[in-house]
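Please read the following note alongside the coordinates. The points are numbered so that each can be taken up separately.

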Amino acid sequence: MNRLLRFIRRQEFTPGLFGLFVNPFYFARRNLYRHVRALAPELSGKLLDVGCGRKPYREFFNVTEYVGLDIENSGHNHTSEDIDVFYDGKTFPFENASFDAVICSQVLEHVFLPDAFLTEINRVLKKSGKMLLTVPFVWDEHEQPY
């Protein structure tokens, strides 16, 4: 059963043909998967995955260090996620210019203060760093009120 659950969860972010039957967002997720995989080699060094959750794209990155950051949220169960560091929703717990690269995928639509959030990403990213940011084009409301 555990193996089947892992397979179905994988279809959420990295959908194969079976994803057509279990993932209602198959086409959006399939294209997101392909584009993140194609752009991942552009990021190197120490990478921060902001809003990492289960780190669905971790396998695409060949980096020296991969750090998953997510918000500590009492209204959300984090037990099935792979988070390295939690933050308070305001300030990332890292020094300035700590990371060579950042990925932030499908997170910005959950943020109440996007300017402050992007300022934090910019603060921890090195001056010559790169960021891969994805946002949904069309998506129904989700994870409300959290």
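How many bridges join strand E1 to strand E2?

1. Five bridges join strand E1 (residues 46-50) to strand E2 (residues 65-71), and the two run parallel. Helices (H or I, at least four residues) and strands (E, at least two) are DSSP runs, numbered from the N terminus, and two strands count as paired if DSSP finds at least two bridges between them. This is a predicted model, in which local features need pLDDT of at least 70 and side-chain atom pairs count only at pLDDT 80 or more, whereas totals for chains, interfaces and linings use all residues. Residues are numbered from 1 along each chain as its sequence is written, and side-chain values use heavy atoms, with hydrogens and water left out.

2. The sheet as a whole is open and is formed by five strands in the order E3-E2-E1-E4-E5, with parallel pairing. Its edge strands, each pairing on one side only, are E3 (85-87) and E5 (125-134). On average, neighbouring strands of this sheet are turned by 25° against each other, direction ignored, where axes are lines fitted to C-alpha atoms, for helices over the stretch in contact, and angles run from 0 to 180 degrees between N-to-C directions.

3. On its other side, E1 is joined to E4 by three bridges, again in parallel. Leu 47 stands opposite Tyr 66 in E2 and opposite Ala 101 in E4, while Leu 48 stands opposite Val 67 in E2. Four of the five residues of E1 are buried (under 20% relative accessible area, with exposed over 50% and partly exposed in between, using a 1.4 Å probe and protein chains only), so E1 is largely enclosed by the rest of the structure.

4. Helix H4 (residues 114-124) lies across E1, E3, E4 (99-105) and E5, running at about 135° to E5. Within H4, Phe 117 touches (heavy atoms within 4.5 Å) residues that include Val 50, Tyr 87, Phe 92 and Cys 104, not counting residues up to four places away in sequence.

5. The largest nonpolar core (buried Ala, Val, Leu, Ile, Met, Phe, Trp, Tyr and Cys residues joined through side-chain atoms within 4.5 Å) has 16 residues, and Leu 48, Val 50 and Phe 117 are among those touching the most other members. E1, E2, E4 and H4 each supply at least two residues of this core. A second, separate core of 14 residues includes Leu 32, Ala 40, Tyr 57 and Phe 60.

6. Lys 55, in the loop between E1 and E2, deserves a look: at 11% relative accessibility it counts as buried. Its contacts, not counting residues up to four places away in sequence, are Asp 49, Tyr 66, Gly 68, Asp 82 and Asp 84.
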